Amino acid sequence: MADLKVCKCPDGLTTLGLGSCIGVALRDPSAKVGGLLHFMLPDSTAIKNNACAEKFADTGIELLVKLMIAEGASKSRLEAKIAGGAQMFAFQNKEGLLRVGERNAEAARNKLKEMNIKLIAEDTGADYGRTVVFYPETGEYVIKSVGKPQKSI
């Protein structure tokens, strides 16, 4: 959790245990530079004295883009895929279910839209965790879940 990596082909990236967390995969298909962010929470402004940009959708996606540009990517060519955002537990507060996964997925979509990065595929929601592997060269985003068939988006 709260992890971020950038790579160039032929390397790939993986992250384990996406429950309510989101895995944001970005790539520049021309430069063949990719990155993967595993964030936990939708909004950094709700936490004071926060020094971990990777923990949040807003700051994590911005940092991922910055690091990819430093490796030769062009922001105008970036495309995104997201996975995760499950409703893993039925915790409730006075407003109802704490829909962290749903809020995380929405935050990722909103931040990508704000940054003019096209979201081309997603596998979010449901009630099961995911492990993902991302290959920047092809854009393949492999999603593995216990008891589910493996799929690629």
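The legends below describe close-up views of a predicted model.

**View 1. The largest nonpolar core and its best-connected members.** This core holds 22 residues, of which Val24, Leu26 and Ile117 touch the most other members. Strands E3 (22–28), E4 (33–39) and E5 (79–84), together with helices H1 (57–70) and H2 (100–114), each supply at least two of its residues, and the largest share, 5 residues, comes from H1.

**View 2. The surroundings of Val24.** Leaving aside residues up to four places away in sequence, Val24 touches Gly35, Leu36, Leu37, Phe39, Ile61, Leu64, Lys81, Ile82, Ala108 and Tyr141. Apart from the largest core lies another core, of 11 residues, which includes Cys7, Leu18, Tyr141 and Ile143.

**View 3. An open sheet of 4 strands.** The strands follow the order E2-E9-E10-E11 with antiparallel pairing, and E2 (13–18) and E11 (151–152) are the edge strands, each pairing on one side only. Between E2 and E9 (residues 130–135) there are 4 bridges, and Leu13 has Phe134 in E9 as its bridge partner.

**View 4. A salt bridge between distant parts of the chain.** Lys8 in strand E1 (residues 3–8) and Glu71 in the loop between H1 and E5 are 63 residues apart, yet their side chains meet in a salt bridge at 3.8 Å, N to O. Lys8 is partly exposed at 40% relative accessibility, and Glu71 is likewise partly exposed at 38%.

**View 5. A salt bridge within helix H2.** The side chains of Glu114 and Lys111 meet at 2.8 Å, N to O; because these residues lie 3 apart in helix H2, about one helical turn separates them. Glu114 is exposed, at 56% relative accessibility, whereas Lys111 is buried, at 7%. Through shared partners, salt bridges join Glu62, Lys111 and Glu114 into one network.

Key: Residues are numbered from 1 along each chain as its sequence is written. This is a predicted model: local features need pLDDT of at least 70, side-chain atom pairs count only at pLDDT 80 or more; totals for chains, interfaces and linings use all residues. Side-chain values use heavy atoms; hydrogens and water are left out. A nonpolar core is a set of buried Ala, Val, Leu, Ile, Met, Phe, Trp, Tyr and Cys residues joined through side-chain atoms within 4.5 Å. Buried means under 20% relative accessible area, exposed over 50%, partly exposed in between (1.4 Å probe, protein chains only). Contact means heavy atoms within 4.5 Å. Two strands pair if DSSP finds at least two bridges between them. A salt bridge is a side-chain nitrogen of Lys or Arg within 4 Å of a carboxyl oxygen of Asp or Glu.
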